[in-house]
Amino acid sequence: LLLLAYDAWGTEMVARLACLCGAARTSPWQSVFLGGMRALLALHDGATPAEPRVVEALARVWAPWGLCAAFYDEGGYRAAGHDDQELFIRSYWVERLTTFRAADLAAMLDTWQSHDLATRGDGASLEEVLGRISCPTLLIQSTTDQYFRLDYAVRECELLPNARLVELDSVWGHVAGRGRVARDAAAIGAVLREHLNRGSNP
């Protein structure tokens with residue numbers, strides 16, 4: 001997202017860019033989800049980090065969103081070394097969120113909810129802003145991402161003048177972008193290397 005912003009703001013810092021499981025704007029669909037998460041976080045009493053009961057609630061709401069239905073239905077958590085779904089949720093979601101300060105979680109959610117490349121001060125629309133990004137651009141999008149959906153990436157790719165879209169077929173949803181399993185990591189690495197070696201073409 002930051003690389004998209006750098007090039008959209010007219011700098012010459014970016015020769016090529018890649019956006020991995022992201023988007024140029026937070027959609028209304030995402031905003032509803034993020035508003036719910038923010039409301040849950042507001043339940044804590046000011047403790048730093050957030051109270052365990054709040055972390056537990058956040059983690060269990062976040063767990064199905066960050067991944068996808070097929071991940072749980074097909075036992076994708078086994079590839080992460082967990083035979084039990086509950087153990088995976090506690091390890092990957094609850095324990096990980098426990099390491100965050102409440103203020104940091106709030107800042108992350110607020111930044112995500114307000115994200116929009118078109119808010120750059122000159123009144124340009126998102127279509128106009130994306131149309132200004134001239135460098136070769138690669139969009140890598142998980143086919144099961146519930147935050148930054150594939151259809152959003154298709155539309156943005158059409159608005160970018162020098163871009164191509166690569167679909168990452170994974171049950172890891174948005175988390176696929178982190179390459180948590182060897183198959184996803186290899187696919188991401190291969191397409192990024194190809195992108196960097198393409199010369200002036202996207």
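Start with helices α3 and α5, which lie oblique to each other. The model on screen is a predicted one.

**Stop 1: α3 and α5**

Select residues 52-66 for α3 and residues 85-98 for α5; their axes come within 9 Å and cross at roughly 120 degrees. Seen as a crossing, α3 passes α5 in a right-handed way. To show the contact, pick Val55, Glu56, Leu58, Ala59, Arg60, Trp62, Ala63 and Gly66 on α3. On the α5 side, add Glu86, Ile89, Arg90, Trp93, Val94, Leu97 and Thr98. Colour this set by class and there are nine nonpolar, two polar and four charged residues.

**Stop 2: α2 and α3**

Keep α3 selected and add α2, residues 28-41. The axes of α2 and α3 are 9 Å apart, at an angle of about 165 degrees. An angle over 145 degrees counts as roughly antiparallel, so α2 is roughly antiparallel to α3. The crossing of this pair is right-handed.

Which residues of α2 meet α3? Select Trp29, Phe33, Met37, Leu40 and Leu41. Their partners in α3 are Val54, Ala57, Leu58, Val61, Trp62 and Trp65. By class, the contact of α2 with α3 holds eleven nonpolar residues, with no polar and no charged ones.

**Stop 3: α2 and α6**

Leave α2 in view, hide α3 and select α6, residues 102-114. Here the axes are 10 Å apart and the packing angle is about 160 degrees. The helices α2 and α6 are therefore roughly antiparallel to each other. In this pair α2 passes α6 in a left-handed crossing.

From α2, show Gln30, Ser31, Phe33, Leu34, Gly35, Met37, Arg38 and Leu41. From α6, show Ala102, Leu105, Ala106, Leu109, Asp110, Trp112 and Gln113, which those α2 residues meet. The contact of α2 with α6 comprises nine nonpolar, four polar and two charged residues. While these are displayed, look at Phe33, Met37 and Leu41: these α2 residues meet α6, and they also meet α3.

**Stop 4: the cysteines**

Now clear the helices and select the cysteines. How many disulfides does the structure hold? There are zero. Go to Cys21, which is in no disulfide. The nearest cysteine sulfur to Cys21 belongs to Cys19, 8.3 Å away. A disulfide needs two cysteine sulfur atoms within 2.5 Å.

Is Cys21 buried or exposed? Its relative accessibility is 4%, so Cys21 counts as buried. Finish at Cys68, which is also buried because its relative accessibility is 7%. The cut-off for buried is under 20%.

How values were computed:
Residues are numbered from 1 along each chain as its sequence is written. This is a predicted model: local features need pLDDT of at least 70, side-chain atom pairs count only at pLDDT 80 or more; totals for chains, interfaces and linings use all residues. Side-chain values use heavy atoms; hydrogens and water are left out. Axes are lines fitted to C-alpha atoms, for helices over the stretch in contact, and angles run from 0 to 180 degrees between N-to-C directions. Helices (H or I, at least four residues) and strands (E, at least two) are DSSP runs, numbered from the N terminus. Angles under 35 degrees count as roughly parallel, over 145 as roughly antiparallel, 65 to 115 as roughly perpendicular and the rest as oblique. A crossing is left-handed if the near helix is turned anticlockwise from the far one by less than a right angle, and right-handed if clockwise. Contact means heavy atoms within 4.5 Å. Ala, Val, Leu, Ile, Met, Phe, Trp, Tyr, Cys and Pro count as nonpolar, Asp, Glu, Lys and Arg as charged, and the others, Gly among them, as polar. Buried means under 20% relative accessible area, exposed over 50%, partly exposed in between (1.4 Å probe, protein chains only).
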